[in-house]
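Biologist: I am new to this structure and would be glad of a close look at one part of it. Could you show it to me first, and then walk me through that part and its surroundings?

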Amino acid sequence: MKKSIVFVSVIIAIGFALQLVLGEFDIRFINAPLNVIMGGIMILSLVAFSLFRKNKYYRWFSGVSLAVSLIITIGILCIFMGLIPQVQTRNLHQHDIYSLIGLRSITTSWYFVLTYFFLLLSLGATILKRLYIFNLKDYAFYFNHIGLWVLLFAAGLGAADRERYTMYVHEGKEESNAYNSDNELKKLPMSIALSDFDIEEYPPRLVIINNNSLMMQPEKKPSFFQIDKTNNEGRLLHWKIEIQEYIHRAINKEGDEYIEVEMPGANPAAKIKATNINTSEIREGWVFYGNMMQSFAALRLNDDYSIVMTRPEPKRYVSDLNIFVYGKEEEHVILEVNKPFRSGNWMIYQYGYDNKAGRLSTYSILEIVYDPWLNGVYLGIWLLAIGSVCLLWSGNKKKRRGTKNDMG
Amino acid sequence: MTWDEFLWFAIPAMVCWITAGIIVYKRTNPVIINGLMISGILLFAIFIAGLWIGQQRPPLRTIGETRLWYSLFLATIGFLTYKHWKYKWLLSFTGLIACVFTCVNIFKPEIHSTTLMPALQSIWFVPHVTVYILSYAMLGAATIASIVQLKKMNRGKVDPELYRFMDNIVCVGFGFLMLGMLMGAAWAKEAWGNYWSWDPKETWAFITCAAYLVYLHLRLQNSYKKFTLWMLPIAFIILMITWIGVNYLPSAQGSIHVY
């Protein structure tokens with residue numbers, strides 16, 4: 001164990017030194033084909049070294065002490081990551097001690113990268129050592145360790161090639177340009193056309209506001225009544241509320257008349273009856289969310305308070321797209337959150353829209369991610385998942401020989 | 001089927017689960033325990049299916065609806081894990097938590113309609129949270145055991161049976177922990193564009209895994225017995241930071257996981 005602690009300390013020391021001299025480690029320096037070449041060299045080296053697996057240094061390098069030391073080291077580095085706010089883009093003008101030694105962006109620091117690298121080497125050495133004495137009964141070990149190795153390998157090297165873009169597509173238009181993570185406009189090998197962007201909304205909530213301050217009541221923790229098809233009675237403070245009529249897409253026809261119209265500016269309207277529990281006073285009338293042309297309508301309870309509608313929350317937002325990735329067939333895609341579109345190494349996500357315009361948004365914001373190593377990552381995830389199920393099933397099985405335990 | 005019929009299913013199911021959780025400690029015929037647990041689970045399954053058909057959409061949109069699934073998953077997986085590992089407290093505990101979620105649905109009906117934002121409307125949501133609940137329960141039990149064992153170690157006599165229990169329960173708890181993290185990664189890729197972004201919650205979840213991994217590997221050796229045992233309470237503190245602490249850490253305020 002002492003050897004391992006010394007080794008790990010040396011790695012960290014070298015990492016710190018490199019950090020001070022070279023600044024941060026920009027993984028994008030090793031983008032394709034460099035990362036593929038490096039990966040290949042790593043694998044070949046691991047196999048070559050494994051020929052010396054009986055050597056005592058190999059046994060230490062692939063042993064439990066070093067594994068524990070490396071895991072603890074990475075754990076401690078992550079604790080720093082968890083406690084010190086991390087920045088995504090480096091502020092070149094920040095000169096505090098945390099920035100200088102890379103603590104504000106640990107994943108791009110040399111000591112993190114070196115620890116990660118040696119973890120991958122040590123893990124690889126362990127796996128190869130066990131593969132030589134292959135035993136089907138060690139299935140849990142193989143799934144867990146190989147799964148983790150594949151995941152770390154693909155995620156680590158893949159980070160060099162992964163790129164994220166934000167694209168603004170306007171209704172009725174076609175777009176090929178997008179902003180990368182450095183906010184530069186780049187042309188992507190695809191063409192995306194938006195025919196329609198739509199938001200489905202949940203019914204709004206009712207809330208009591210103070211007529212003068214317009215603050216929702218009670219001020220510290222406002223009380224809401226969610227309009228719901230299945231439930232048309234409720235309470236707001238000391239008023240009993242009854243929804244007599246609800247129109248989700250309504251237009252104010254004139255005065256107190258609301259009709260249902262499927263129009264871009266149509267918004268929720270509800271006819272409510274409010275009964276004061278203490279005084280039995282009744283107030284009846286329409287509450288309307290309003291739109292760009294028509295003002296909102298509130299139910300005035302008394303001089304101090306009125307009932308209004310809150311902004312309806314999005315239930316679902318959808319882009320109706322035609323996506324043409326160069327080299328592939330054009331595809332008609334309905335894109336929504338949690339349902340991205342994948343074409344080869346590209347994945348396209350529904351990201352956002354013009355928040356201020358809401359349903360009237362004329363453009364949709366897409367997130368486009370390029371990751372050629374994704375399949376490797378998924379393979380690692382699957383193997384690890386199977387390994388985890390093995391753990392659930394077998395727990396900690398004792399090995400037949402001696403008292404040494406063996407776990408997957 | 002609508003929520004109006006919920007009580008007809010919820011009360012019998014809870015009675016089944018609580019009874020099973022109590023009589024498992026007496027010398028009861030396992031067939032009765034199996035029967036009670038399965039009846040409760042079936043009742044919930046039927047109600048969920050009915051609600052699905054009645055509302056003409058999968059019941060995955062409101063917080064009340066997700067609680068139905070928590071109760072179902074916890075009771076089911078808790079029952080299966082009990083059958084495999086024979087830990088009676090596991091059956092009682094998961095049954096109890098399933099009942100807690102059911103009771104919240106009974107006593108706070110007005111938050112049935114608190115709607116889920118689009119990012120949470122995913123089939124990953126319930127499994128991801130459920131396996132974490134199970135994992136935390138088991139790792140909590142392991143922590144208690146480790147404290148007992150440390151006390152025994154101070155008195156000079158450790159309990160080998162307790163070691164066996166700890167090793168098993170940490171393995172199973174860790175298995176669920178890993179599954180939770182992997183599901184989180186798969187879901188993140190579908191929803192946010194990347195499977196891992198070192199978001200504070202993700203970072204602390206990773207540290208939690210690393211801590212338990214250290215325990216599991218140290219148990220392969222016979223040295224540093226005290227340090228090994230201490231890893232469990234330390235790991236549990238890290239687990240608590242992941243679960244609840246992140247919401248309060250200043251470094252995490254911008255996190256997508258802070259509700």
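Biologist: Thank you! Which residues in α1(B) are buried?

Modeller: Happy to help, and please keep in mind that this is a predicted model. The buried residues of α1(B) are B:Phe6, B:Phe9, B:Ala10, B:Ala13, B:Met14, B:Cys16, B:Trp17, B:Ala20, B:Gly21 and B:Ile23. Try following their numbers around the helix. An α-helix has 3.6 residues a turn, so residues three or four places apart point the same way. With that in mind, look at B:Phe6, B:Phe9 and B:Ala13, or at B:Ala10, B:Met14 and B:Trp17, which are among the buried residues of this helix.

What do they pack against? The buried residues of α1(B) meet three other helices of chain B: α2 (30–55), α3 (63–85) and α4 (88–107). The length of the helix can be checked too. Helix α1 of chain B runs over residues 6–23, which makes 18 residues, and at 1.5 Å a residue it should span 26 Å. Its end C-alpha atoms are 26 Å apart, so the expected span and the model agree.

Now let us step back to the chain around this helix. Chain B has eight helices and zero strands, and reading along the sequence gives the pattern α-α-α-α-α-α-α-α. Its radius of gyration is 20 Å, close to the 18 Å that the globule rule gives for 259 residues, so chain B is as compact as a globular protein of that length. The C-alpha trace of chain B spans about 60 × 50 × 25 Å along its principal axes. Of the 259 residues in chain B, 56% are buried. Among contacts with a separation of 6 or more in chain B, 76% are between residues 24 or more positions apart.

The outside of chain B can be described as well. Its accessible surface is about 11,500 Å², and 71% of this belongs to carbon and sulfur atoms. Chain B carries 19 positive and 10 negative side chains, with the centres of the two sets 15 Å apart.

Two other helices of chain B make useful stops. Helix α7, residues 200–218, has 19 residues and should span 27 Å at 1.5 Å a residue; its end C-alpha atoms are 27 Å apart, so this helix agrees with its expected span. α7(B) is mostly covered, with 17 of its 19 residues buried. Then comes helix α8, residues 225–243, where you will find B:Lys225. B:Lys225 is partly exposed, at a relative accessible area of 43%. Leaving aside residues up to four places away in sequence, B:Lys225 touches B:Met153 and B:Tyr163. From B:Lys225 to B:Leu74 the C-alpha atoms are separated by 34 Å, and these two residues are 151 residues apart along the chain.

Chain A makes a good companion to look at next. Chain A comes to eight helices and 17 strands. A compact globule of 408 residues would have a radius of gyration near 22 Å, but chain A has 30 Å. Its C-alpha trace spans about 90 × 55 × 50 Å along the principal axes. Buried residues make up 47% of the 408 residues in chain A, and residues 24 or more positions apart account for 58% of its contacts with a separation of 6 or more. Chain A exposes about 21,800 Å², with carbon and sulfur atoms supplying 59%.

A few places in chain A are worth finding in the picture. A cis peptide bond joins A:Ala32 and A:Pro33, with omega about 0 degrees, and A:Pro33 is in the loop between α1 (2–22) and α2 (34–49) of chain A. Another cis peptide bond joins A:Gln217 and A:Pro218, with omega about -10 degrees. A:Pro218 sits in the loop between β4 (205–210) and β5 (224–226) of chain A. A:Leu214 is also in the loop between β4 and β5; it has a positive phi of about 65 degrees although it is not a glycine. At 55% relative accessibility, A:Leu214 counts as exposed.

Key:
Residues numbered from 1 in each chain as written. Chains lettered and ligands numbered in written order. Predicted model: local features only at pLDDT ≥ 70, side-chain atom pairs only at ≥ 80, totals over all residues. Heavy atoms only, no water. Helix = DSSP H or I, 4+ residues; strand = E, 2+ residues; numbered from the N terminus. Rg over C-alpha atoms; globule rule 2.2 N^0.38 Å. Buried < 20%, exposed > 50% of the residue type's maximum accessible area, 1.4 Å probe, protein only. Contact = heavy atoms within 4.5 Å. Areas by Shrake-Rupley, 256 points an atom, 1.4 Å probe, with all protein chains shown as cover. Lys, Arg positive; Asp, Glu negative; His and termini not counted. Charge placed at Lys NZ, Arg CZ, Asp CG, Glu CD. Expected span 1.5 Å × (residues − 1).
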